[in-house]
Amino acid sequence: MQFLTLLGHMAASTGSLLISPLAIALLFASVFLGIVFGALPGLTATLGVALLTTVTYGLDSTLAMVSLLGIYVGAVYGGSYSAVLINVPGTPASAATALDGYPLACRGEAGKALGVTTTASAIGTVVGMIAVIAFSPIITRLALQFTSFEFFLLAFFGILISGSLVTPDLVLKGWIAGFLGLFLSLVGRDRLQSFPRFTFGLPQLDSGIDVVPILLGAFGIPQMIGTLKDRIAIKEVQKLGRILPEFRTVLSRFPDIVRSSLIGVGIGAVPGLGEDIAAWTSYGAAKKASKHPEEFGKGSYSAIVASETANNSCIGGALIPLYTLGIPGSPPAAMLLGALMLHGLTPGPLLLIENPKFLPETGAILLLAAAAMWVIGIFLAKQVVKVLRIPQPVLMPIVGLLCIIGSYSLGNNIFNLYLMVPIGIVAYFLGEMGYPIAPLVIGMILGPMADESLRRALMVSQGSFAPMFTRPVSLILVILIVLTVASQFPFAKKLTDRLAVFTKKAPAACGDGEGK
Amino acid sequence: MLPKERLRRADILFSFLVVLAGAAIVINAMGFPRGAELSGVRNDWYVSPALMPYVIGTGLVLMGIALFFTGLKETGTQGLREVLGSIGGLFIRRPAPGAGSLRFLAVTATVVLTVFLYMPRVDFVISAAFLLVALMTMFAFEDDALLRRLLVLYLLLAAPMIAYFASGLGARFEEAFYYASDIPGGLFLVLYILLAARTAGRERRRRFLRLVLIAFAVPLILVPVFKYLLYIPFPREGGVVALMDYVRFDLLDPVQE
């Protein structure tokens with residue numbers, strides 16, 4: 001019932017946005033900019049949202065959300081252009097698309113492939129929007145029952161799970177990155193007693209470290225250094241051809257769409273994972289479910305439908321924990337969190353209660369962004385492709401300059417610039433050594449919540465940790481944390497191997513296994 | 001990312017840093033109030049601002065140790081010896097940087113000098129154009145020998161600027177004339193363009209000119225967009241931005257003034 005009421009409010013919000021020329025102009029401009037950002041290898045959705053956050057500071061919160069969600073949706077989809085046309089994923093989220101999109105382009109079907117990715121991405125975004133509208137009120141109600149212990153454990157679990165799943169090398173490195181982010185969040189006066197921590201006598205650090213310069217430094221500077229240092233050049237762009245919506249091709253894969261959308265929403269809702277993991281998981285699931293798995297990797301439309309639906313539905317999923325718990329579901333959502341706070345909106349259980357219009361507005365913006373993305377994708381694709389021809393040595397310095405302006409513009413503080421550059425250089429080295437940056441950012445964002453919640457919880461319990469084990473949600477989170485940590489110990493790995501052997505032997509015992 | 005074998009050696013080296021960082025956090029947090037009274041409020045151990053730093057510091061120490069043993073397990077004691085040797089080698093021999101290191105140095109040096117030297121003191125348009133001209137000309141021709149020469153040129157031109165500001169001359173001239181620092185900034189930018197064009201050679205001159213034009217066009221487009229449309233100021237608004245303000249407010253729209 002509440003869902004239908006929210007859909008009604010969403011329809012009203014959609015109407016009011018549609019009659020505002022400024023909102024529509026901003027929407028199309030930000031979606032187009034997002035597609036360009038996504039299409040250009042090296043520029044990610046996170047960087048796009050981060051750069052635009054500083055620009056939207058002067059706008060009211062609705063228009064700011066129009067711009068930010070517009071660029072987010074556009075950038076996640078835009079990655080498919082370079083994935084299909086030059087075999088280089090524009091964003092990590094479109095890496096799975098490149099596996100099958102590029103072979104299709106080589107067969108002269110680039111236009112059809114992009115038509116499929118456009119329609120699949122639009123459907124994914126709409127499914128994500130429905131998920132936000134449907135699940136956010138339920139989780140908000142649940143979150144209102146949470147005490148500080150639950151919030152501390154949620155933040156801690158978010159950092160650990162993000163570190164575990166996004167690391168390109170050892171899980172340990174993901175956790176170290178998360179803890180370094182937690183440490184950065186502690187710099188400044190603590191919020192309970194106003195005691196200066198790790199400020200080293202610098203008054204500029206008293207108010208803490210802003211997230212935006214750190215994000216711009218951690219995502220923008222390493223990209224610039226890496227692209228210029230490794231001379232990453234754009235390969236020959238495949239012929240595009242005519243782009244049609246390809247409804248029949250997409251809708252004939254209805255089971256793939258449903259499965260991928262659900263995977264996207266589910267993965268998006270897990271703190272800190274993001275669109276790339278959603279796309280890969282969905283790609284794997286589609287391959288497993290396919291009657292022709294041998295076609296995957298050689299130019300399968302089911303594969304690109306799966307990855308593109310999942311990465312765009314992940315956007316809605318990532319907004320659910322952001323709006324209801326104050327925990328971002330993906331790195332771009334982490335940037336949105338910073339943006340919301342800049343506009344005086346504090347993500348968490350009270351956000352939707354104090355701002356009842358916010359959720360329907362988000363639904364309306366996502367719906368319109370999906371429509372704008374589809375229109376641009378079908379009618380302006382050839383203009384977007386032209387951007388792919390900009391040489392990286394020209395583009396990357398401009399991105400660096402935008403990072404400088406973006407960092408400074410937040411509070412007009414030159415100290416933010418002084419922080420951004422060393423953080424960027426350190427992030428580059430961390431990336432080279434296999435440390436993921438997303439957990440660092442998640443740690444930095446969730447740090448204040450973890451710190452305050454732990455101390456408040458212990459204040460209430462007079463220093464006792466017992467409520468952590470007596471409250472059901474707390475206990476589940478404790479078990480999840482213990483399992484996440486224990487899974488990395490050798491004894492747990494041996495145990496899983498033994499269980500795997502045991503389960504493998506089972507069919508042999510039944511007489512129909514490999515043992516014969 | 002580094003190849004796996006080098007990665008594990010880097011892990012051993014980085015594990016020392018992680019342990020040290022964790023220990024430093026714990027030691028620093030020991031100075032925070034614990035179980036004492038602060039601003040009239042009784043501060044029990046569990047309210048202490050040191051609580052989370054202890055958790056993070058201890059966590060980092062433990063994870064650093066685990067990382068050390070993971071690296072050691074895969075590279076053996078040979079890996080550890082090589083890591084320790086490489087640390088010692090840093091103080092003894094300094095091999096000439098390879099092409100990759102040179103390119104890394106070129107990007108970081110340009111960005112660091114722009115942010116720490118030019119942006120806070122020289123007009124935004126000049127600083128931004130200098131950054132773009134330097135990076136674009138160094139990297140667009142995909143010639144490491146040229147990159148090396150242009151990097152040396154860029155650093156040589158930055159040296160007098162550092163001396164100018166470090167000696168206090170910059171501040172003194174600025175007291176007399178607010179836009180004083182833009183003069184050496186602009187002069188060195190022009191010098192860089194002229195000398196770099198000569199270094200690049202005649203056959204590349206056309207492309208070089210195009211890059212210079214782009215480098216100037218970008219800040220000249222960004223200033224009106226950010227300043228007049230979005231009301232976002234710049235780190236240093238010197239002579240060029242003031243001139244643009246004059247055009248915007250006095251010539252084009254005098255009512256706003």
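**Exercise 1. Find the salt-bridge partner of A:Arg455 in this predicted model, and work out which parts of the chain the pair ties together.**

Step 1. Start at the side chain of A:Arg455 and look for a carboxyl oxygen within 4 Å of a nitrogen. A:Asp190 fits the bill: the closest N and O atoms are 2.6 Å apart.

Step 2. Now place both ends. A:Arg455 sits in helix H20 of chain A, while A:Asp190 is in the loop between strand S1 (188-189) and strand S2 (196-197), so the bridge ties together parts that are 265 residues apart in sequence.

Step 3. Check the accessibility of each end. A:Arg455 comes out at 1% relative accessibility, so call this arginine buried. A:Asp190 has 3%, which makes the aspartate buried too.

**Exercise 2. Take the salt bridge between A:Glu150 and A:Arg471 and say where each residue lies and whether each is buried or partly exposed.**

Step 1. Get the distance: the closest N and O atoms of A:Glu150 and A:Arg471 are 2.7 Å apart.

Step 2. Locate the ends. A:Glu150 belongs to helix H7 (residues 148-166) of chain A, and A:Arg471 to the loop between H21 and helix H22 (472-486) of that chain; the two residues are 321 apart, so to speak from distant parts of the chain.

Step 3. Apply the cut-off: buried means under 20% relative accessible area. With 1%, A:Glu150 is buried. A:Arg471 has 28% and is therefore partly exposed.

**Exercise 3. Work out how A:Arg456 and A:Glu452 are placed in their helix, and how exposed each one is.**

Step 1. Both residues lie in helix H20 of chain A, four residues apart, or about one turn of the helix.

Step 2. Their side chains form a salt bridge, with N to O at 3.3 Å.

Step 3. Look at exposure. A:Arg456 has a relative accessible area of 38%, so this end is partly exposed. A:Glu452, at 16%, counts as buried.

Step 4. Zoom out a bit. A network of salt bridges with shared partners joins A:Asp169, A:Lys173, B:Arg8, B:Asp11 and B:Glu74. Over all chains, the structure has 20 salt bridges.

**Exercise 4. Describe how helix H3 of chain B packs against H4(B), and which kinds of residue make the contact.**

Step 1. Two packed helices are described by the angle between their axes and the distance between the axes. For H3(B) (residues 99-118) and H4(B), the angle is about 175 degrees and the axes are 10 Å apart.

Step 2. Angles over 145 degrees count as roughly antiparallel, and H3(B) and H4(B) are therefore roughly antiparallel to each other.

Step 3. List some of the residues involved. From H3(B) they include B:Arg103, B:Val107, B:Val111 and B:Tyr118; from H4(B), B:Phe130, B:Leu131, B:Leu135 and B:Phe139 are among them.

Step 4. Sort the contact residues of H3(B) and H4(B) by type: ten are nonpolar, three polar and one charged.

**Exercise 5. Where do A:Gln462 and B:Glu142 lie, and what phi does each have?**

Step 1. Recall the background: most residues other than glycine have a negative phi.

Step 2. A:Gln462 is not a glycine, yet its phi is positive, about 55 degrees. This glutamine is in the loop between helix H20 (438-460) and helix H21 (467-470) of chain A. With 60% relative accessibility, A:Gln462 counts as exposed.

Step 3. B:Glu142 also isn't a glycine, and has a positive phi of about 50 degrees. Look for B:Glu142 in the loop between helix H4 (124-139) and helix H5 (144-166) of chain B.

**Exercise 6. Is A:Thr125 buried or exposed, and which residues does A:Thr125 touch?**

Step 1. Find A:Thr125 in helix H6 (residues 110-143) of chain A.

Step 2. Its relative accessibility is 2%, so A:Thr125 is buried.

Step 3. Leaving out residues up to four places away in sequence, A:Thr125 touches A:Val73, A:Asn312, A:Ser313, A:Leu366, A:Ala370 and A:Met373.

**Exercise 7. Do the same for A:Gly299: where is this glycine, and which residues does A:Gly299 touch?**

Step 1. A:Gly299 is in the loop between helix H12 (275-289) and helix H13 (301-325) of chain A.

Step 2. At 12% relative accessibility, A:Gly299 counts as buried.

Step 3. Again skipping residues up to four places away in sequence, A:Gly299 touches A:Asp100, A:Pro103, A:Leu104 and A:Arg107.

How values were computed
Residues numbered from 1 in each chain as written. Chains lettered and ligands numbered in written order. Predicted model: local features only at pLDDT ≥ 70, side-chain atom pairs only at ≥ 80, totals over all residues. Heavy atoms only, no water. Buried < 20%, exposed > 50% of the residue type's maximum accessible area, 1.4 Å probe, protein only. Axes fitted to C-alpha atoms, helices over the stretch in contact; angles between N-to-C directions. Parallel < 35°, antiparallel > 145°, perpendicular 65-115°, else oblique. Contact = heavy atoms within 4.5 Å. Nonpolar A, V, L, I, M, F, W, Y, C, P; charged D, E, K, R; others polar.
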